[in-house]
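Grab a pencil and work through these exercises with the model open beside you. Each task comes with a solution you can follow step by step.

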Amino acid sequence: MRRFYLIGFLVLVCFDTLAQVSFKLAADAAAPVALDHAWLLRIIGEPWIYIALGCYLGTFFTWMTLLVHAPIGPAYAASHLEVVVVLVLSGVIFNEPIATPQVAGCALIVLGIICLAIGASRDGKVADST
């Protein structure tokens, strides 16, 4: 069961992260934002928007599958690993600055997820869920 969670959350984070990065790439390609016909045509013609929407569908189905088996508390917390991955990728791909407060926030997110996972494991909810 632990392997199922590990693979499931890895897939969830990948879908969610790719969706966010794709939306950023679509927004950059369709800039400047102007709520007019020309901007809508630029968005509709941008392949990244379709990748983002497809990833949202993948995220939804992966999340629904995980929720059938995983306890909601640790599962919900683990689903937020995407925040950490998107922050790292924004620095690498888009050269966005990452400062100490962001690094500290990421560390707290990861620490919180670890604490919830340990608590759920001790309660036997992770190992016994079917």
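**Exercise 1. Find which residues make up the largest nonpolar core, and which helices supply at least two residues of this core.**

Step 1: Tyr5, Phe9, Leu12, Trp63, Leu66, Ala70, Ala75, Ala77, Ala78 and Ile113 make up the largest nonpolar core, 10 residues in all. A nonpolar core here is a set of buried Ala, Val, Leu, Ile, Met, Phe, Trp, Tyr and Cys residues joined through side-chain atoms within 4.5 Å. Buried means under 20% relative accessible area, exposed over 50%, and partly exposed in between (1.4 Å probe, protein chains only).

Step 2: At least two core residues come from each of H1, H3 and helix H4 (72-78). Helices (H or I, at least four residues) are DSSP runs, numbered from the N terminus.

Step 3: Now for a second, separate core: it has 5 residues, including Ala30, Trp39, Ile43 and Ile49.

Step 4: Back to Ala78, which is in contact with Phe9, Val13 and Ile113 once neighbours within four places in sequence are left aside. Contact means heavy atoms within 4.5 Å.

As background, nonpolar side chains tend to be buried together in soluble globular proteins.

A word on the source: this is a predicted model, where local features need pLDDT of at least 70 and side-chain atom pairs count only at pLDDT 80 or more, while totals for chains, interfaces and linings use all residues. Residues are numbered from 1 along each chain as its sequence is written, and side-chain values use heavy atoms, with hydrogens and water left out.

**Exercise 2. Work out at what angle the axes of H1 and H3 cross, and the hand of the crossing.**

Step 1: The axes of H1 (residues 2-30) and H3 (residues 47-69) cross at roughly 155° and come within 8 Å. Axes are lines fitted to C-alpha atoms, for helices over the stretch in contact, and angles run from 0 to 180 degrees between N-to-C directions.

Step 2: That angle makes H1 roughly antiparallel to H3. The cut-offs: under 35 degrees counts as roughly parallel, over 145 as roughly antiparallel, 65 to 115 as roughly perpendicular and the rest as oblique.

Step 3: The crossing of H1 and H3 is left-handed. Left-handed means that the near helix is turned anticlockwise from the far one by less than a right angle, and right-handed that it is turned clockwise.

Step 4: Sorted by class, the contact of H1 with H3 has 20 nonpolar, 8 polar and 1 charged residues. Ala, Val, Leu, Ile, Met, Phe, Trp, Tyr, Cys and Pro count as nonpolar, Asp, Glu, Lys and Arg as charged, and the others, Gly among them, as polar.

**Exercise 3. Do likewise for H1 and H5: what is the angle, and how far apart are their axes?**

Step 1: H1 and H5 pack at about 40°, and their axes are 9 Å apart.

Step 2: H1 and H5 are therefore oblique to each other, and their crossing is right-handed.

Step 3: On the H1 side you'll find Val13, Asp16 and Lys24 among the residues that meet H5, whose own include Leu81, Glu82 and Phe94. The class count for this contact is 9 nonpolar, 2 polar and 4 charged residues.

**Exercise 4. Is Asp16 buried or exposed, and what does Asp16 touch?**

Step 1: Asp16 is in helix H1 and counts as buried, because its relative accessibility is 12%.

Step 2: Not counting residues up to four places away in sequence, Asp16 touches Tyr56, Thr59, Ser79 and Glu82.

Step 3: Follow Thr59 over to helix H3; at 11% relative accessibility, Thr59 counts as buried. Beyond its neighbours within four places in sequence, Thr59 is in contact with Leu12, Phe15 and Asp16.

**Exercise 5. Locate the cis peptide bond and the positive phi in a residue other than glycine.**

Step 1: The cis peptide bond joins Ala31 and Pro32, with omega about 0°. Pro32 sits in the loop between H1 and helix H2 (37-44).

Step 2: The positive phi belongs to Asn95, near 55°. Asn95 lies in the loop between helix H5 (81-94) and helix H6 (100-123), and at 65% relative accessibility Asn95 counts as exposed.

Step 3: For context, most residues other than glycine have a negative phi, and most peptide bonds are trans.
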